[in-house]
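Please walk me through this model, beginning with one residue in a loop and moving on from there to a pair of helices and the start of the chain.

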Amino acid sequence: MNITTRIDGTCARITPHGDIDRDTFPPLQAAVEALPARITDLVWDLHQTPFMDVAGLHLLFAPAATGISDRTTTVTGLRSQPLRLLLLATDVNPAVFDLSRLLPDTPSTLAR
């Protein structure tokens with residue numbers, strides 16, 4: 001798994017290059033944990049992620065690290081399989097898997 005992290009002021013963009021699963025979760029989590037405390041906006045760019053399992057849900061919906069509770073997490077570049085997983089998780093438990101938080105510009109028909 002190659003991971004690109006770009007920081008611009010208080011915004012960080014993490015781009016995984018490959019699948020997100022239990023084997024790739026540790027380095028992705030380490031990338032998040034390595035972000036400076038000043039980061040208030042985290043963007044997951046998933047345009048190079050063709051597959052994501054439940055490990056991706058843990059990454060995207062994990063509680064913020066201590067002292068960084070105001071960090072906003074969004075997702076861009078969703079491919080079809082990761083999007084289907086997010087929609088399924090939202091259908092099963094919309095209170096926990098709130099797509100409007102990750103995809104703020106999503107039409108209401110998608111973020112059910």
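**From a loop residue to a helix pair**

In this predicted model, Thr49 sits in the loop that runs between strand S3 (41-45) and helix H2 (54-61). Its relative accessibility is 0%, and Thr49 therefore counts as buried, the cut-off for that class being under 20% relative accessible area. A polar atom of the Thr49 side chain lies 3.4 Å from the backbone oxygen of Gly18. Once neighbours within four places in sequence are left aside, the residues in contact with Thr49 are Pro16, Gly18, Asp19, Ile20, Arg79 and Pro82.

The loop that holds Thr49 leads to helix H2, and H2 packs with helix H1 (residues 25-33) at an angle of about 10 degrees, the two axes being 11 Å apart. Because angles under 35 degrees count as roughly parallel, H1 is described as roughly parallel to H2. From H1, the residues Phe25, Leu28 and Gln29 meet Ala55, His58 and Leu59 of H2, and by class this contact comprises four nonpolar residues, two polar residues and no charged ones.

Leu28 also appears in the surroundings of Met1, a residue in the segment before strand S1 (2-8), since the contacts of Met1 beyond four places in sequence are Pro16, His17, Gly18, Asp19, Thr24 and Leu28. Pro16, Gly18 and Asp19 are thus in contact with Met1 and also with Thr49. With a relative accessible area of 37%, Met1 is partly exposed, whereas Thr49 is buried. Between Met1 and Asp23, which are 22 residues apart in sequence, the C-alpha to C-alpha distance is 9.2 Å.

Technical notes
Residues are numbered from 1 along each chain as its sequence is written. This is a predicted model: local features need pLDDT of at least 70, side-chain atom pairs count only at pLDDT 80 or more; totals for chains, interfaces and linings use all residues. Side-chain values use heavy atoms; hydrogens and water are left out. Helices (H or I, at least four residues) and strands (E, at least two) are DSSP runs, numbered from the N terminus. Buried means under 20% relative accessible area, exposed over 50%, partly exposed in between (1.4 Å probe, protein chains only). A polar contact is a pair of N or O atoms within 3.5 Å; within protein, one must be able to donate a hydrogen and the other to accept it, and residues adjacent in sequence count only if both atoms are side-chain atoms. Contact means heavy atoms within 4.5 Å. Axes are lines fitted to C-alpha atoms, for helices over the stretch in contact, and angles run from 0 to 180 degrees between N-to-C directions. Angles under 35 degrees count as roughly parallel, over 145 as roughly antiparallel, 65 to 115 as roughly perpendicular and the rest as oblique. Ala, Val, Leu, Ile, Met, Phe, Trp, Tyr, Cys and Pro count as nonpolar, Asp, Glu, Lys and Arg as charged, and the others, Gly among them, as polar.
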